[in-house]
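Colleague: I would like to learn how to read sheets, helix packing and salt bridges in a model, taking one feature at a time. Could you lead me through them?

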Amino acid sequence: MAKIIVTDGMSKDAVNLLEKSGHEVTLKSFSKEELLQGCLSDFDAIIVRSATKLTEDVINSTGASLKVIGRAGVGVDNIDLEAASKAGIVVVNAPLASTQSVVELTISHLLASIRHIAKSDRGLRLGKWEKKAMVGTELSGKSLGLIGFGRIAQGVGMVAQALGMEVHTYDPYLPPKVAKSQSTRLHKDVDDLFRTCTHISVHCNLTDETHHLVNYERMKLMPGKSRLGLKCGNHIVNCARGGIIDENGLLQALEEGVVSSAALDVFEKEPVDPKNILLTHPDFHGTPHIGAATIEAQSRVGTDIARNVMDVLNGKSVKSTVNSHLLE
Ligand code: MLT
């Protein structure tokens with residue numbers, strides 16, 4: 001029997017699965033100070049979402065008992081992988097569980113942007129019937145540029161193609177045959193992607209390489225019109241990670257009309273600062289990092305991570321181990 005601490009909540013089914021397998025599960029969140037004072041030192045495994053930050057100092061204060069960190073989700077940017085590896089802790093995630101939910105949110109943001117859904121709603125609440133000002137464009141016939149072409153981007157690409165969009169991608173790690181198999185044009189140069197596409201959606205991880213990859217200069221390269229010459233403006237969506245888009249650059253692009261709309265589910269600082277000026281721009285709308293926040297995704301995330309954590313505890317090798325390259 002292992003002692004498992006779950007600090008950012010988890011579905012009931014997943015907790016039941018762990019308990020039925022004989023493990024002791026504690027559901028409790030901790031402050032940053034408590035984490036640094038070694039409150040995790042009693043546990044064999046910890047399961048977190050994004051709220052708990054497992055920094056080097058926190059990991060070093062866990063003592064020798066912790067064997068596995070489970071990230072109930074995809075992104076592991078809240079976990080110091082090097083520190084975990086040095087301490088011999090296996091880090092696993094649940095990479096497949098939220099794909100469909102994030103795909104659907106991305107398409108929702110694209111459609112909401114080009115049809116002014118959030119903006120119209122804000123007007124209606126103020127008693128405005130702005131029918132003429134809310135003329136939009138269709139996605140059909142436009143070029144969508146996907147930054148990163150993993151599972152989520154491929155799902156977005158499929159829906160976008162079904163809606164009549166031409167799909168492009170920039171992903172320096174992608175074997176060209178994958179893009180080809182999805183009828184997607186792979187660009188070697190990220191600037192080319194911006195020069196070609198009126199709609200850009202971000203789907204890569206946040207790394208030193210991708211930090212502020214979407215910036216004012218690049219947004220200025222976007223054509224603002226479709227291949228057939230229709231003025232549809234430029235549109236930006238990010239449901240991946242904050243920090244890949246330079247928010248100051250995005251604001252400037254919106255203010256100057258370089259970009260006609262922007263929709264973000266993720267921000268450089270989360271929870272987003274209520275004073276963030278983007279929130280006051282009429283052509284901006286956002287959501288509070290809810291890509292994986294569906295009943296279906298959370299249920300899958302919970303059971304996937306519970307199974308992965310138990311497999312590590314049972315000495316099995318787990319496909320979704322994210323630090324196998326760092327473990328000695
Ligand atoms: C993820 O990385 O799984 C998503 O961004 C969802 C989350 O962090 O809660």
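Colleague: Which residue stands opposite A45 in β4?

Modeller: Before answering, I should say that this is a predicted model. The residue opposite A45 in β4 is V68, and this pair belongs to the place where four bridges join β3 to strand β4, residues 68–71, the two strands running parallel.

Colleague: In what order do the five strands of that open sheet come?

Modeller: The order is β2-β1-β3-β4-β5, with parallel pairing. The edges are held by β2 (24–27) and β5 (90–93), each of which pairs on one side only, and neighbouring strands are turned against each other by 20 degrees on average, direction ignored.

Colleague: Which strands of this sheet do α1 and α12 touch?

Modeller: Helix α1 packs on the sheet with contacts to β1, β2 and β3, and its direction makes about 150 degrees with that of β2. Helix α12 also packs on the sheet, where it touches β1, β3, β4 and β5, and its direction makes about 155 degrees with that of β5.

Colleague: How should I describe two helices that pack on each other?

Modeller: Two packed helices are described by the angle between their axes and the distance between those axes. In the case of α1 (residues 12–20) and α12 (residues 295–313), the axes come within 7 Å and cross at roughly 20 degrees. Angles under 35 degrees count as roughly parallel, and so α1 is roughly parallel to α12. The crossing in which α1 passes α12 is right-handed.

Colleague: Which residues make that contact?

Modeller: From α1 come D13, A14, L17 and L18, while α12 supplies S299, G302, T303, A306, R307 and M310. By class, the residues of this contact divide into five nonpolar, three polar and two charged.

Colleague: At what angle do α5 and α7 pack?

Modeller: Helix α5 (residues 99–114) and helix α7 (residues 151–162) pack at an angle of about 50 degrees, and their axes are 9 Å apart. That angle makes α5 oblique to α7, although here too the crossing is right-handed. In this contact T99, V102, V103, T106 and I107 of α5 meet R151, I152, G155, V156, V159 and A160 of α7, a set with seven nonpolar, three polar and one charged residues.

Colleague: Why is one side of β8 and of β12 left without a neighbour in the sheet?

Modeller: These strands belong to an open sheet of seven strands with parallel pairing, in the order β8-β7-β6-β9-β10-β11-β12. Because β8 (185–187) and β12 (284–286) stand at the edges, each has a single partner strand, and one side of each therefore lacks a neighbour in the sheet. From one strand to the next the twist averages 20 degrees.

Colleague: How many bridges join β6 to β7?

Modeller: Five bridges join strand β6 (residues 143–147) to strand β7 (residues 166–170), and the two run parallel; G145 stands opposite H168 in β7. Helix α11 (residues 247–255) packs on this sheet by touching β10 (235–238), β11 (261–264) and β12, and its direction makes about 150 degrees with that of β11.

Colleague: What, finally, does the salt bridge of K3 and D42 tie together?

Modeller: The count comes to nine salt bridges, and among them is the one in which the side chains of K3 and D42 meet at 3.2 Å, N to O. K3 lies in strand β1 (residues 3–6) and D42 in the loop between α2 (32–36) and β3 (45–48), so this pair ties together parts that are 39 residues apart in sequence.

Technical notes. Residues numbered from 1 in each chain as written. Predicted model: local features only at pLDDT ≥ 70, side-chain atom pairs only at ≥ 80, totals over all residues. Heavy atoms only, no water. Pairing = 2+ DSSP bridges. Axes fitted to C-alpha atoms, helices over the stretch in contact; angles between N-to-C directions. Contact = heavy atoms within 4.5 Å. Parallel < 35°, antiparallel > 145°, perpendicular 65-115°, else oblique. Left-handed = near helix turned anticlockwise from the far one by under 90°. Nonpolar A, V, L, I, M, F, W, Y, C, P; charged D, E, K, R; others polar. Salt bridge = Lys/Arg side-chain N within 4 Å of Asp/Glu carboxyl O.
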